[in-house]
Amino acid sequence: MIWKFINRLMRQQKAVAIDTLFSELYGMAFNPILHERRINSLIDRARTTLGDTSVIVRREGLLSLRSDISIRHRSAPAGESNIFHRRETLLAAMRNSGRPMTIAELEASFSCSRRTLQFDLKHLLRSRVIAHSGRARRRAYTIAPGQLASSDV
């Protein structure tokens with residue numbers, strides 16, 4: 001969500017209303033009483049991610065990037081783990097297996113930690129790219145119906 005928020009601010013060269021931005025990001029109408037904490041948290045996390053609290057400007061119900069900065073997206077350097085590549089590889093392993101896989105089986109196939117796999121699986125579950133069956137130690141993961149050809153990692 002943080003990168004979606006930052007990308008939205010980057011695309012728009014002028015300030016955007018907080019309620020409009022919230023509606024675009026979360027797909028619901030902005031209610032200050034209910035959603036103020038959520039948007040403030042998102043702004044704080046984005047500022048932390050960018051490494052400078054002054055990059056995102058909030059003034060009179062509008063959000064924008066500071067006018068004197070330039071933000072560019074860069075790929076992860078060679079050798080650094082790339083989250084998108086890792087998730088694509090994870091999905092490919094699930095597709096190739098043709099059966100539900102446990103986290104222990106996935107862990108044996110990948111060079112990342114179990115916690116990293118859990119993080120990726122949680123994201124893929126929330127995105128409805130994969131599905132799970134079973135509980136606790138018997139939980140197994142498989143590609144969600146309708147996701148066999150492509151995915152939205």
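Angles between helix axes under 35 degrees count as roughly parallel, over 145 as roughly antiparallel, 65 to 115 as roughly perpendicular, and the rest as oblique. Keep that scale at hand for the two helix pairs on this tour of a predicted model.

**The whole chain**

Begin with the protein chain in a cartoon view, where 6 helices and 6 strands can be picked out. Followed from the N terminus, these elements come in the order α-β-α-α-β-β-α-β-α-α-β-β. If you then colour by accessibility, 28% of the 153 residues are buried. Among the contacts with a separation of 6 or more, 44% join residues that lie 24 or more positions apart.

**First stop: H1 against H2**

Select residues 2-11, which form helix H1, together with residues 18-26, which form helix H2; their axes come within 11 Å of each other and cross at roughly 130°. On the scale given at the start, H1 and H2 are therefore oblique to each other, and their crossing is right-handed. To see what makes the contact, show the side chains of Lys4, Phe5, Arg8 and Leu9 on H1, and those of Leu21, Glu24 and Leu25 on H2. Sorted by class, the residues of this contact comprise 4 that are nonpolar and 3 that are charged, with no polar ones.

**Second stop: the two sides of H1**

Stay with H1 and ask which of its residues are buried. They are Ile2, Phe5, Ile6, Arg8 and Leu9. Turn the view until you look down the axis of H1: the buried residues fall within an arc of 155°, so they line one face of the helix. A general point helps in reading this view, since an α-helix has 3.6 residues a turn, so residues three or four places apart point the same way. On the face of H1 turned away from the buried side, select Trp3 and Arg11, which are exposed. Now bring back the surroundings of the buried residues of H1, which pack against strand S1 (16-17), H2, helix H3 (32-50), strand S2 (56-59) and strand S3 (62-65).

**Third stop: His35 on H3**

From that set of neighbours, move to helix H3 and centre the view on His35, which is found there. Is His35 buried or exposed? Its relative accessibility is 10%, so His35 counts as buried, the cut-off for that class being under 20%. With residues up to four places away in sequence left out, His35 touches Phe22, Met28, Ala29 and Phe30.

**Fourth stop: H4 against H6**

Next, select residues 83-97 for helix H4 and residues 114-126 for helix H6, which pack at an angle of about 80° with their axes 11 Å apart. H4 and H6 are therefore roughly perpendicular to each other. From H4 the contact takes in Ile83, Arg86, Arg87, Leu90, Leu91 and Met94, and from H6 it takes in Thr116, Leu117, Phe119, Asp120, Leu121, His123 and Leu124. By class, the contact of H4 with H6 holds 8 nonpolar, 2 polar and 3 charged residues.

**Last stop: Ile83**

Finish by centring on Ile83, whose place is in helix H4. Because its relative accessibility is 27%, Ile83 counts as partly exposed. Leaving aside residues up to four places away in sequence, Ile83 touches Phe119 and Asp120. As a final check in the viewer, draw the C-alpha to C-alpha distance from Ile83 to Thr116: these residues are 33 apart in sequence and 9.6 Å apart in space.

Note on methods. Residues numbered from 1 in each chain as written. Predicted model: local features only at pLDDT ≥ 70, side-chain atom pairs only at ≥ 80, totals over all residues. Heavy atoms only, no water. Axes fitted to C-alpha atoms, helices over the stretch in contact; angles between N-to-C directions. Helix = DSSP H or I, 4+ residues; strand = E, 2+ residues; numbered from the N terminus. Left-handed = near helix turned anticlockwise from the far one by under 90°. Contact = heavy atoms within 4.5 Å. Nonpolar A, V, L, I, M, F, W, Y, C, P; charged D, E, K, R; others polar. Buried < 20%, exposed > 50% of the residue type's maximum accessible area, 1.4 Å probe, protein only. Arc of directions from axis to C-beta.
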